[in-house]
Amino acid sequence: SASLDGGFQGLLTLRQLDTGQALPPLPARHQPPRPPKAAWLAGEPAILATALAELIGGAIALRLLFNLPLLGGVAVTGVGTFAVLALTRGNADRHERVIAVLLSVVAASFVFLLFKANPAWTDVAHGMTQTGHALRDPQGFLIALGILGATLMPHNLYLHSGSLAQRARVLPADARDLAMRVARNDTVVSLGVAMLINSAIMIVAAASLSGSGIIVSSLDDAHAVIGQTFGIGAAIVFAVALYAAGQSSTITGVLAGRMLSQGFQINSGWS
């Protein structure tokens, strides 16, 4: 999920706490006009493409859960996104609480699936020691890139820096040292949690999808195999996790796009 990249976002934390400025306005303030415009024009389509993928993921989850048509699922996920934005009304703390709940659902779901998978932990440990060999294999390398791309999503740097800058502006000077220590700890914890969730996803996938005799080429196939291997309850949990991941990432994508657009346009004199 795009929402699991909080640790990477935290790398900008000290700069935002120090200056009280978000990332999007800085290029327009400190560079010639063309590079900031290029960054803005590249960033918006990237955010749109990512949000679209997450929107479709949420729609597929609703189809798996309720047999909704894909377009109906897209509509429900979109309405859910804008409902959250309307109810939280630009309050960063409220946004973060909603996203934290959705990510907790993802984490709890895959902990449950990991329990159902009951893998041979000696094989898991042996597989971890073969990381270098796996990365030398083209397919293994592509899987690693996919995990990296799903964890570290650059457009959320804009969102994280913007919400952090809002807090930094009202932060007393004598509280900044404590805030920096908290931010560093948050980075370590976020990266650790992201690593554990990704590890659980990979272990569940290996335990359920390999040896099933079914070629898994879609989320529908993965859902069917999980249901066949672990039971219908596990398949439902998988679909719920998929929806929570898609919904949370769609919310952060919209917020990041708005932050990016406002920051570049306002500080470039385009609006």
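Gln 247 lies in helix α13, which spans residues 232–268, and this residue makes a welcoming starting point for a tour of the predicted model. With a relative accessible area of 4%, Gln 247 falls under the 20% cut-off and is therefore counted as buried. Its side chain takes part in two kinds of pairing worth following on the structure above. One is a polar contact of 2.6 Å with the side chain of Tyr 243. Another polar contact, of 2.7 Å, links the side chain of Gln 247 to that of Thr 81. Once neighbours within four places in sequence are set aside, the residues in contact with Gln 247 are Thr 77, Gly 80, Thr 81 and Leu 102. Thr 81 thus appears both in this list of contacts and as a polar partner of Gln 247.

Stepping back to the whole protein, the secondary structure consists of 13 helices and zero strands. Read from the N terminus, the order of elements is accordingly α-α-α-α-α-α-α-α-α-α-α-α-α. The protein has 271 residues, and 41% of them count as buried; Gln 247 is one of the buried residues. About 14600 Å² of the protein is exposed, with 68% of that area supplied by carbon and sulfur atoms. Contacts can also be sorted by separation along the sequence. Of those between residues at least 6 apart in sequence, 76% join residues at least 24 apart.

How two of the helices meet can be followed in α6 and α11. Helix α6 covers residues 92–117 and helix α11 covers residues 176–209; the two pack with their axes 9 Å apart, at an angle of about 40 degrees. An angle of this value lies between the 35 degrees that bounds roughly parallel and the 65 degrees where roughly perpendicular begins, so α6 and α11 are oblique to each other. Their crossing is left-handed. On the α6 side, the contact is made by Ala 107, Phe 110, Leu 113, Leu 114 and Ala 117. Helix α11 contributes Ile 197, Ala 200, Ile 201, Ile 203, Val 204 and Ala 207.

A last stop is Leu 23, found in the loop between α2 (13–19) and α3 (25–30). Is this residue buried or partly exposed? Leu 23 has a relative accessibility of 22%, which lies between the cut-offs of 20% and 50%, so the residue counts as partly exposed. Leu 23 and Tyr 158 are 135 residues apart along the chain, yet their C-alpha atoms are separated by 5.8 Å.

Conventions: Residues numbered from 1 in each chain as written. Predicted model: local features only at pLDDT ≥ 70, side-chain atom pairs only at ≥ 80, totals over all residues. Heavy atoms only, no water. Helix = DSSP H or I, 4+ residues; strand = E, 2+ residues; numbered from the N terminus. Buried < 20%, exposed > 50% of the residue type's maximum accessible area, 1.4 Å probe, protein only. Contact = heavy atoms within 4.5 Å. Areas by Shrake-Rupley, 256 points an atom, 1.4 Å probe, with all protein chains shown as cover. Polar contact = N/O pair within 3.5 Å; in protein donor to acceptor, adjacent residues only side chain to side chain. Axes fitted to C-alpha atoms, helices over the stretch in contact; angles between N-to-C directions. Parallel < 35°, antiparallel > 145°, perpendicular 65-115°, else oblique. Left-handed = near helix turned anticlockwise from the far one by under 90°.
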